[in-house]
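The following exercises practise reading strands, pairing and exposure from a model. Please study the sequence and the structure before attempting each task.

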Amino acid sequence: MPVRTGYLEAQAGVSSLSGAYARLEGGARLRENLGVFAFAEANQHQRVAGAGVRWTFGW
């Protein structure tokens, strides 16, 4: 049975190492135990972006 739910998360804050930062992440669950996500983060010194796969499991 397809689950197909998603999420969007936004963060902003201040770090003692890098100063102010902002982060945005969004993803979708394709199956009960499998999802994909992408993120972007920026601070005063660098910009980072990426994507990944989440596999969850339990016993």
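**Exercise 1.** Does V53 count as buried or exposed?

*Solution.* The model is a predicted one.
Step 1: V53 is located in strand β4, which covers residues 47–55.
Step 2: The relative accessibility of V53 is 59%.
Step 3: The label "exposed" requires a value over 50%; V53 therefore counts as exposed.
Step 4: Together with L30 and V36, V53 makes a nonpolar surface patch of about 240 Å².

**Exercise 2.** Determine how strands β1, β2 and β3 are connected and paired.

*Solution.*
Step 1: Strand β1 (residues 5–15) and strand β2 (residues 19–31) run antiparallel and are joined by 11 bridges. In one of these strands, β2, R23 is the bridge partner of Q11.
Step 2: A hairpin is formed by β1 and β2, with 3 residues between them.
Step 3: The pairing of β2 with β3 is also antiparallel, over 10 bridges, and the hairpin joining β2 to β3 passes through 2 residues.

**Exercise 3.** Describe the surroundings of N43.

*Solution.*
Step 1: N43 belongs to strand β3, residues 34–43, and is the bridge partner of Y21.
Step 2: The relative accessible area of N43 is 9%. Buried means under 20%, so N43 is buried.
Step 3: When neighbours within four places in sequence are left aside, N43 is in contact with S18, A20 and Y21.
Step 4: The side chain of N43 also reaches the backbone nitrogen of H45, at 2.7 Å.

Note on methods: Residues numbered from 1 in each chain as written. Predicted model: local features only at pLDDT ≥ 70, side-chain atom pairs only at ≥ 80, totals over all residues. Heavy atoms only, no water. Helix = DSSP H or I, 4+ residues; strand = E, 2+ residues; numbered from the N terminus. Buried < 20%, exposed > 50% of the residue type's maximum accessible area, 1.4 Å probe, protein only. Polar contact = N/O pair within 3.5 Å; in protein donor to acceptor, adjacent residues only side chain to side chain. Contact = heavy atoms within 4.5 Å. Patch = residues over 30% accessible without salt bridge, like charges linked within 9 Å, V, L, I, M, F, W, Y side chains within 5 Å. Areas by Shrake-Rupley, 256 points an atom, 1.4 Å probe, with all protein chains shown as cover. Salt bridge = Lys/Arg side-chain N within 4 Å of Asp/Glu carboxyl O. Pairing = 2+ DSSP bridges.
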